[in-house]
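Please walk me through this structure step by step, in a way that a first-year student can follow with the model open alongside.

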Amino acid sequence: MSGNQRDDQDLANTPLLAPVDEGRRRFLAGSAMLGAAGMAGAAGVAGVGALTRSPAAQAAAGDAANIHVNPGELDSYYGFWSSGQSGEVRVLGVPSMRELARIPVFNRCSATGWGQTNESLAVLGDSARFQNGDLHHVHMSCTDGKYDGRYLYANDKLNTRVARIRLDIMRCDKIVTVPNAHSIHGLRVQKAPKTGYVFANGEMIVPMPNDGRHLDDPDQYWSVFTGIDGESMEIKWQVWVDGNLDNCNADYSGRFAAATCYNAERGVTLQDKMRFERDWVVVFDIHAIERAVANGDFLNIEGCEVPVVDGRGDNNPFTRYIPVPKNPHGINATPDGKYLIANGKLSPTCTVIDTHRLPDLFDNKIELRDTVVAEPELGLGPLHTTYDGRGNAYTTLFIDSQVVKWNIEDAIRHYAGEEVSYIRQKLDVHYQPGHLNATLAETAEADGQWLVVLSKFSKDRFLPVGPLHPENDQLIDISGDEMKLVHDGPAFAEPHDCIMCRPDQVRPTAIFNRDDPFWAQARQWAEEDGVNLETDSKVVRNGNKVRVYLTAVAPQYGLNEFRVKQGDEVTVIVTNLDRIEDLSHGFAIINYGVSMEVNPQQTSSVTFTADRAGVYWFFCTWFCHALHMEMAGRMLVEPA
Ligand code: K7E
Ligand code: CUA
Ligand code: CA
């Protein structure tokens with residue numbers, strides 16, 4: 001495989017990256033022919049080629065001091081990481097790459113009780129029957145193209161959902177299941193004037209409605225693009241599209257959103273999905289969609305009230321399908337708002353679309369491809385692109401295991417025929433990178449300090465931990481002219497994406513407000529039962545339904561014991577009255593599988609059936625006091 005490495009070197013040293021080496025082209029085509037298996041195979045092959053420590057990694061040792069955050073010091077950026085099939089969001093400090101918190105979303109969380117507490121079940125709604133999810137993209141609400149610290153939004157590729165996380169308490173407060181779609185993959189927010197919409201891409205094509213009709217007739221399979229109101233989390237409208245939808249993004253004017261499509265063929269087999277030489281970027285005119293919906297000019301899919309506009313075909317007011325090379329993947333808006341850059345995946349190119357030409361495109365004044373102002377050749381397997389705010393783009397090359405830094409305006413000049421080189425640097429990463437993101441790069445404030453590249457394979461980079469390796473979230477210093485790899489960050493399955501923002505853009509609270517809507521249900525129960533959550537600890541029985549109200553003040557619950565009958569449906573409502581920052585309690589019942597967090601000034605509740613008689617101790621799970629071990633009591637279950 002040393003031959004591969006030589007190729008990498010040669011490519012890196014070729015100013016214009018003029019025709020990609022023929023052998024590599026065949027290699028890429030071969031992997032395309034073989035499909036997913038071929039892609040994985042290619043990954044393995046390229047990975048082996050990179051097994052030896054790269055000069056970049058060795059050089060990095062000298063730069064490690066840059067990222068060292070001393071004990072007691074704080075990081076200069078928040079990072080919000082998705083976690084793929086782990087279903088949660090992770091909060092990291094950058095540049096230390098220390099994990100600060102995990103926010104359970106689509107997963108079941110043993111520590112916090114997410115998926116078990118009544119508060120989380122209310123958020124999960126009907127989808128509580130799923131105990132898992134696949135969270136690919138996490139993005140923050142924006143105002144005027146900048147992060148505003150209100151919410152994070154995330155998609156569930158597995159169970160077709162979109163979630164919202166409140167950034168004040170760093171907990172998920174809304175989850176909606178998207179109808180008519182089958183799997184949500186791409187997710188981005190409207191950047192301006194504000195979020196606004198959360199855009200959600202339906203990835204897989206299915207019959208609409210998907211109720212058993214047309215099982216064997218893929219001609220009847222479709223996909224939809226969904227606009228969700230980020231404030232109410234109502235599904236406002238959907239656009240029925242040709243092909244499928246992979247990743248999406250929004251422009252900075254607020255009028256347009258765009259999505260890549262790798263399945264223009266609307267195929268159902270791997271081979272089908274690679275039949276065309278070109279798929280497309282579909283651009284959505286949000287204003288045209290809104291007008292049609294306001295005028296009642298929409299249809300409904302049977303059994304669903306969401307307005308659907310028909311965005312199929314070449315001449316509709318809502319969409320335009322710009323042809324781009326084979327099976328594109330990521331699409332990223334430049335921070336200056338000028339371009340949308342689609343990543344080629346099975347083509348070694350990125351396609352630069354001029355957003356200022358989109359109004360003319362929708363007015364039919366120009367042709368589809370007239371919007372394309374550059375198509376630079378970058379290397380093999382371009383997946384995602386990010387920016388430094390200084391005119392440079394950084395693209396992951398999955399197959400080459402590299403990040404390529406290139407200059408956008410130079411690529412445009414080159415496309416126009418000028419002899420100018422646009423590649424600035426290629427840096428080996430370890431290995432097979434998917435997403436990458438630079439600090440603030442998804443906003444108008446991209447500041448070009450740090451770049452995180454989420455590498456899918458780690459191979460030899462860490463102590464071995466069995467057949468399932470960690471991934472490798474690598475930190476790259478991009479503040480200078482040269483990219484410098486400065487940190488390897490092992491990560492458990494499977495961060496796809498991350499964003500980074502300044503600490504002043506997030507304003508988390510340390511102590512819950514007693515008026516928080518999070519436990520509205522418990523507040524209502526307390527009212528019904530004449531109980532004051534802030535002062536009372538008592539048992540209220542209503543037939544075989546028992547509500548147990550407990551206060552918690554370190555190191556004691558308001559009751560040392562409570563008594564129920566076998567077969568009762570028991571709801572325990574715990575209120576943490578401590579007003580001290582960081583003084584969390586928990587509530588767990590031994591051999592009942594009950595466990596939940598109760599943070600300062602929070603009320604948490606859980607409902608279960610007391611199906612076994614006996615003495616069951618309950619205890620506090622967060623170490624809250626010197627007498628934390630003693631913070632316990634007994635649930636006495638009388639035999640039926
Ligand atoms: Cu490229 Cu799901 Cu954003 Cu993974 S997606 S890499
Ligand atoms: Cu309360 Cu430990
Ligand atoms: Ca295709």
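**Aromatic rings, bound ligands and a sheet**

Phe225 and Phe284 are both buried, and they make a good place to begin reading this model, which is a predicted one. A pair of aromatic rings is described by two quantities, the distance of the centres and the angle of the planes. The rings of Phe225 and Phe284 form a stacked pair, with 3.7 Å from centre to centre and 5° between the planes. Because Phe225 belongs to strand β10 (residues 223–229) and Phe284 to strand β14 (residues 278–285), this pair ties together parts that are 59 residues apart in sequence.

The search of the whole structure finds 18 aromatic pairs, and another of them is formed by Phe199 and Trp237, whose rings are tilted, with 6.5 Å from centre to centre and 40° between the planes. This pair, too, links distant parts of the chain, since Phe199 sits in strand β9 (residues 197–204) and Trp237 in strand β11 (residues 235–241), 38 residues apart. Phe199 and Trp237 are both buried. The residues of these two pairs, together with Tyr197, form one aromatic cluster, made up of Tyr197, Phe199, Phe225, Trp237 and Phe284.

From the rings we can turn to the ligands. The calcium ion (ligand 3) is coordinated at 2.4 to 2.7 Å by Tyr262 (O), Glu265 (OE), Glu265 (OE), Lys273 (O), Asp279 (OD), Asp279 (OD) and Asn327 (OD1), where Glu265 and Asp279 are each listed twice. Along the sequence, the donor residues of this ion follow the spacing Y-x2-E-x7-K-x5-D-x47-N. Two of the donor residues, Tyr262 and Glu265, are buried.

Ligand 1 has surroundings of its own, formed by His136, His137, His185, Asn247, His329, His384, Gly434, His435, Lys456 and His496. When the residues of this shell are sorted by character, 9 are polar, 1 is charged and none is nonpolar.

The last stop is an open sheet, in which 4 strands follow one another in the order β25-β26-β27-β28 with antiparallel pairing. Its edge strands are β25 (433–438) and β28 (484–491), each of which pairs on one side only. On average, neighbouring strands of this sheet are turned by 20° against each other, with direction ignored. Strand β25 is joined by 4 bridges to strand β26 (residues 450–455), and the two run antiparallel; Asn437 stands opposite Val452 in β26.

Key: Residues are numbered from 1 along each chain as its sequence is written. Chains are lettered from A and ligands numbered from 1 in the order in which they are written. This is a predicted model: local features need pLDDT of at least 70, side-chain atom pairs count only at pLDDT 80 or more; totals for chains, interfaces and linings use all residues. Side-chain values use heavy atoms; hydrogens and water are left out. A residue is near a molecule or strand if one of its heavy atoms lies within 4 Å of it. Ala, Val, Leu, Ile, Met, Phe, Trp, Tyr, Cys and Pro count as nonpolar, Asp, Glu, Lys and Arg as charged, and the others, Gly among them, as polar. Donors are N, O and S atoms within 2.8 Å of the metal (3.2 Å for Na, K and Ca); water is not among the atoms, so sites may look incomplete. Buried means under 20% relative accessible area, exposed over 50%, partly exposed in between (1.4 Å probe, protein chains only). Two strands pair if DSSP finds at least two bridges between them. Axes are lines fitted to C-alpha atoms, for helices over the stretch in contact, and angles run from 0 to 180 degrees between N-to-C directions. Rings of Phe, Tyr and Trp (its six-membered ring) pair if their centres lie within 6.5 Å; planes under 30 degrees apart count as stacked, over 60 as edge-to-face and the rest as tilted.
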